[in-house]
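Reader: I'm new to this structure and would love a close look at a single part of it. Please pick one spot, and then walk me outward from there.

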Amino acid sequence: MPLARSLSVTSLSGLEEWDEEFELEDAVLFEIAWEVANKVGGIYTVIQTKARLTAEEWGENYFLVGPYVESNVRTQVELIEPTNPVLKRTIDKMNSSGCKVYFGRWLIEGSPYVVLIDVGFTAWSLDRWKSELWDLGAIGVPWFDREANDAVLFGFLTAWLLGEFAAQSEEPPHIVAHFHEWLAGLGLVLCRKRQLPVATIFTTHATLLGRYLCAGSVDFYNNLSKFNVDKEAGDRQIYHRYCLERAAAHCAHVFTTVSQITAIEAEHLLKRKPDIVTPNGLNVKKFSAMHEFQNLHAQSKSRIQEFVRGHFYGHLDFNLDKCLFLFIAGRYEFSNKGADIFLEALARLNYLLRVNHSDVTVITFFIMPARTNNFNVETLKGQAVRKQLWDTAHTVKERFGKKLYESLLVGQLPDVAKMLDKEDFTIMKRAIFATQRQSQPPICTHNMLDDSSDPILNSVRRIGLFNSSADRVKIIFHPEFLSSTSPLLPMDYEEFVRGCHLGVFPSYYEPWGYTPAECTVMGIPSISTNLSGFGCFMEEHIADPSAYGIYILDRRYKGVDESCNQLTSFLFQFCKQSRRQRIIQRNRTERLSDLLDWRYLGRYYIAARHMALAKAFPDTFIYEPHEPSSATGFRYPRPASVPPSPSLSRHSSPHHSEAEEDEDERYDEDLEAEKDRVNIRQPYTATKNKTSANLEADENEDDAVANDKI
């Protein structure tokens, strides 16, 4: 199914002619989500990272609304008195009517105001509100679905909050309420049913039914138009949740999704085409010099190497300087996240590296939280042995240094043969004997509760990658989130990502994909798919993604075996890169970070809010977006120098390496960076004609195409 271009396309030039000049002084924005100051999944990251930009735009008139969770509030929220008099009257009225509503500042970048509602305190109203929901839309919520019960309570309370705010306002208010996901969607439905003066926006970050269907191993994307959605939702016992999500999508003034691939999914499963796509961004920290993020990579890599030295003690028969660190991270959705195809590709990569007598060793980390009861004893022992060897080496070094110092004091050159005595050799021999190990290095760093049925461990048993000396591909399964306080691998996730060489995310179902996006802003190449929002976004805006370290795996138009072969090829070609080529590629990857900055992607949320205001209050706000003038989107041209990946090189002569070195000499980091900089439009510009920078970018793209033809 082709990705049809429309107003909802995430082209950076798509908003070029849209009017962004809106007077917001008398408007108030409420952003409502279950993950406000409550980390559950990716929506938390979206709201947390976007808060600063939105707070800058709306100032004192921006309020986030979420559930009150005491453990989170203690560490993340500073409770204060409401500064807005209307909101203060609203909260006081609700609290006097049997609610518990709190107000404060969320202690994140931007320090946005938050309104937190204690849903448990009003649980006595659940049956009454369920009955009202049934009368309203014939949606029945079963008693045993606690998450759906919370959604009912949260929905009625948020609608109460918005209605009370409108009632307490002295002048007719212009309220914008942005609801995220089905858990908050009921509040939107109630706003429309009660005809509140609220401009509503609903964003689905992933459809409920889509996630369930993909987890069930169906050919999802080729059968989108054939599903009986009511039956499928009923078979999976999520019909009531699906109804809440679909009702919110249809009642909203503006309906948005986070990617073009999810827009197609929503059109078929929720039966409404999104008005606009709002891609997810990040707060990008730019360094003053290009080499700074490369230094961070080197520092974090050395810390991972220390862990590897301990994990593989007794079997450290490979060169750590020729080691590549790959990783996959995220929710433990074995098929949806592509862990199944990744493991199969690793087995094939292992074969290719062995038959080609490669001196490269690939160590792959699976960072996916699962049920465990503690660290693996053998894994902890490895780190203890490594530390003991380090202490032994320091002891011998100090003894050697003292003897050397005394020899130099008396004016004699030291006799190296006498510098180490029998005691030194005894200490070192005992340390070496302590590293002897009869078993293979462990695959899993923890004791799994369901070891026999764990999908990753069962796949490892099937493909036979047991970290043996003969294998060029090693696997480490770390079934919990990374933490700097861990006694095993004391690194935060960001530090760990910076130390790796490649992130691999061959997802089958990934509405956006924050993991490859985070890799990009940290200058780490990644593999994504054309079924992920991130992959589609990059494919649209970069003429040659692989040259920039963004490898796009085709999982839409190819079978599983073909996709697995393509992934194996990507991995094998990456292993053939020289160190210089990897450095060049990391430089290029990091330059793409501007594409993912909220300063640029935030404008799609701005457009959605303006569109909602114009629909809800047509007498006050006017919004007339234009169709994008270009049908191809705005694309980074191919880099001026030859891409560093050997798979993209056109040389086939026996002197391939010499030719490649000659081509590398064409690489000029400063020149390439300068050319790439003009391919990003400045944020929040609304000009009807192309600027000189845009024209220069077009000329650069034409030059790149001409160079390719030559």
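Author: Happy to! Let's start with a pocket, which here means an open set of grid points with protein on both sides within 12 Å along at least five of seven lines. Its volume is the space filled by probe spheres set on those points. Please keep in mind that this is a predicted model.

The spot I have chosen is the second largest pocket, with a volume of about 400 Å³. Its lining is made up of 19 residues. To find the middle, look for Lys 301, Asp 321, His 501, Arg 579 and Arg 582, which lie nearest the centre of this pocket. Sorted by class, the lining holds seven charged and seven polar residues, along with five nonpolar ones.

Which elements each supply at least two residues of this lining? They are the helices α11 (290-311) and α21 (579-591) and the strand β10 (323-329). Helix α11 gives the largest share of the lining, six residues.

Now let β10 be your guide away from the pocket. This strand belongs to an open sheet of six strands with parallel pairing, in the order β14-β11-β10-β15-β16-β17. At the edges sit β14 (473-478) and β17 (550-553), each of which pairs on one side only. If you step across the sheet, the twist averages 25 degrees from one strand to the next.

One neighbour of β10 is worth a pause. Strand β11 (residues 361-367) runs parallel to β10, and seven bridges join the two. For a landmark, find Phe 327: its bridge partner in β11 is Phe 365.

The loops that come before two strands of this sheet have something to show as well. Most residues other than glycine have a negative phi. His 357, however, has a positive phi of about 50 degrees although it is not a glycine. You will find His 357 in the loop between α12 (339-355) and β11. Asn 467 is a similar case, with a positive phi near 60 degrees. Its place is the loop between α16 (455-463) and the edge strand β14.

Are these two residues buried or exposed? His 357 has 71% relative accessibility, so it counts as exposed. Asn 467 has 1% relative accessibility and therefore counts as buried.

Let's widen the view to the charged side chains. The whole structure contains 36 salt bridges. One of them joins Lys 403 and Asp 424, with the closest N and O atoms 3.5 Å apart. Lys 403 sits in helix α13 (residues 377-409) and Asp 424 in helix α15 (residues 422-434), so this pair, 21 residues apart, links distant parts of the chain. Asp 424 is buried at 0% relative accessibility, while Lys 403 is partly exposed, with a relative accessible area of 24%. Through shared partners, salt bridges gather Arg 399, Lys 403, Asp 421, Glu 423 and Asp 424 into one network.

Another salt bridge brings together the side chains of Arg 331 and Glu 333, at 2.9 Å from N to O. Arg 331 has a relative accessible area of 37%, which makes it partly exposed.

A further pair is Glu 164 and Lys 93, whose closest N and O atoms are 3.8 Å apart. Glu 164 belongs to helix α5 (residues 146-168) and Lys 93 to helix α3 (residues 85-95), so their salt bridge ties together parts 71 residues apart in sequence. Here the glutamate is buried, with a relative accessible area of 12%, and the lysine is partly exposed at 40%.

Our last stop is another open sheet, this one of nine strands with mixed pairing, ordered β3-β4-β5-β2-β1-β6-β7-β8-β9. Its edge strands are β3 (77-79) and β9 (276-277). Within this sheet, β7 (residues 198-204) and β8 (residues 254-257) pair in the parallel sense over four bridges. A handy marker for that pairing is Ile 201, whose bridge partner in β8 is Val 254.

Definitions and conventions
Residues are numbered from 1 along each chain as its sequence is written. This is a predicted model: local features need pLDDT of at least 70, side-chain atom pairs count only at pLDDT 80 or more; totals for chains, interfaces and linings use all residues. Side-chain values use heavy atoms; hydrogens and water are left out. A salt bridge is a side-chain nitrogen of Lys or Arg within 4 Å of a carboxyl oxygen of Asp or Glu. Buried means under 20% relative accessible area, exposed over 50%, partly exposed in between (1.4 Å probe, protein chains only). On a 1 Å grid over the protein atoms alone, a cavity is a set of points where a 1.4 Å probe fits but cannot get out, and a pocket is an open set with protein on both sides within 12 Å along at least five of seven lines; lining residues have an atom within 4 Å of a point. Ala, Val, Leu, Ile, Met, Phe, Trp, Tyr, Cys and Pro count as nonpolar, Asp, Glu, Lys and Arg as charged, and the others, Gly among them, as polar. Two strands pair if DSSP finds at least two bridges between them. Axes are lines fitted to C-alpha atoms, for helices over the stretch in contact, and angles run from 0 to 180 degrees between N-to-C directions.
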